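Open the model in your viewer and keep the sequence panel beside it. This tour goes stop by stop: select, look, move on.

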Amino acid sequence: MSIFCQLSKQVNLFLFKKHLTESTYSLYNRDMKTEKKKPEHYVNNKDFTAAVAEYVTQINEAKEAGKTPPRMSEYIGECVYKIATRLSTRPNFINYTYRDEMICDAIENCIQYLGNFNIEKSSNAFAYVTQICYYAFLLMIQKENKQVLIKQKSIIESYGSIDSY
């Protein structure tokens, strides 16, 4: 057998395998329909706003009755956590080493100030919580920058005292 004959057999075998795999692929996948996924928001604004409004009315009723305020629902806590975590992935917050502390501080502020949400002024609890988280992040960055300056100052002062010997 010549080289050309062997080569043509290999090419034919390759083409046959390629055709076989393509036809099998189309045979199996012709019944499968590709459905577009609806974009899922990580927090549903309407449900979250309704839950926060209900929580705020419970807090106000407890204050009027002189009782302790009720616990925040699991759903509200989960939404606050998701909002804070997702906001921390923005480009202006993502590269900080203390990002976890920023998230914890933002969640703490949300828990503290969520009772002040006024449904008559705004019907968007998502934006309210996002603003609380955003400013908590900025405040944490300012505090950490002050600490870095204090550390740098103390290092410079310690080098100055070493040079005096």
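## The overall fold

From the N terminus on, the elements of the protein run α-α-α-α-α. Colour by secondary structure: five helices and zero strands should appear. Keep in mind that this is a predicted model.

Now show the surface. The protein exposes about 13300 Å², and carbon and sulfur atoms supply 56% of that area. Of the 165 residues, 23% are buried. Turn on contacts next. Among those with a separation of 6 or more, 69% join residues 24 or more positions apart.

## Stop 1: the nonpolar core

Select Phe48, Val52, Ile76, Val129 and Cys133. In the largest nonpolar core, which has 31 residues, these five touch the most other members. Helices H2 (45-65), H3, H4 (99-113) and H5 (125-163) each supply at least two residues of this core. H5 gives the most, with eight residues. As a general point, nonpolar side chains tend to be buried together in soluble globular proteins.

Stay on Val129. Which residues is Val129 in contact with, leaving aside its neighbours within four places in sequence? Phe48, Val80, Ile83, Cys110 and Leu114.

## Stop 2: the cysteines

Select Cys110, one of the contacts of Val129. Is Cys110 buried or exposed? Cys110 is buried, at 0% relative accessibility. Now find Cys133, which you already selected as a core residue. Its sulfur is the closest cysteine sulfur to that of Cys110, at 3.5 Å. A disulfide needs the two sulfur atoms within 2.5 Å, so this pair is too far apart for a bond. The count for the structure is zero disulfides.

Add Cys104 for contrast. Cys104 counts as exposed, at 53% relative accessibility.

## Stop 3: the aromatic rings

Show the rings of Phe93, Tyr134, Tyr135 and Phe137. Ring pairs link these four into a cluster. The structure holds six aromatic pairs.

Zoom in on one of them, Phe93 with Tyr134. The pair is edge-to-face, with 5.7 Å centre to centre and 70 degrees between the planes. Phe93 lies in the loop between H3 and H4, and Tyr134 in helix H5, so the pair ties together parts that are 41 residues apart in sequence. Check the cover on each side. Phe93 is buried, at 1% relative accessibility. Tyr134 is partly exposed, with a relative accessible area of 23%.

## Stop 4: a salt bridge in H3

Select Lys82 and Glu78. Their side chains meet in a salt bridge, 3.1 Å from N to O. How many salt bridges are there by this count? One.

Trace the backbone between the two partners. Both lie in helix H3 (residues 74-87), four residues apart, about one turn of the helix. Both partners are also partly exposed: Lys82 has a relative accessible area of 30%, and Glu78 has 42%.

## Stop 5: Glu101 and Met140

Finish on helix H4, where you will find Glu101. Glu101 counts as partly exposed, at 43% relative accessibility. Now pick the C-alpha atoms of Glu101 and Met140. What separates them in space? The distance is 8.2 Å, although the two residues are 39 apart along the chain.

Note on methods
Residues are numbered from 1 along each chain as its sequence is written. This is a predicted model: local features need pLDDT of at least 70, side-chain atom pairs count only at pLDDT 80 or more; totals for chains, interfaces and linings use all residues. Side-chain values use heavy atoms; hydrogens and water are left out. A salt bridge is a side-chain nitrogen of Lys or Arg within 4 Å of a carboxyl oxygen of Asp or Glu. Buried means under 20% relative accessible area, exposed over 50%, partly exposed in between (1.4 Å probe, protein chains only). A nonpolar core is a set of buried Ala, Val, Leu, Ile, Met, Phe, Trp, Tyr and Cys residues joined through side-chain atoms within 4.5 Å. Contact means heavy atoms within 4.5 Å. Rings of Phe, Tyr and Trp (its six-membered ring) pair if their centres lie within 6.5 Å; planes under 30 degrees apart count as stacked, over 60 as edge-to-face and the rest as tilted. Accessible areas come from the Shrake-Rupley method with a 1.4 Å probe; for residues, only the protein chains shown count as cover.
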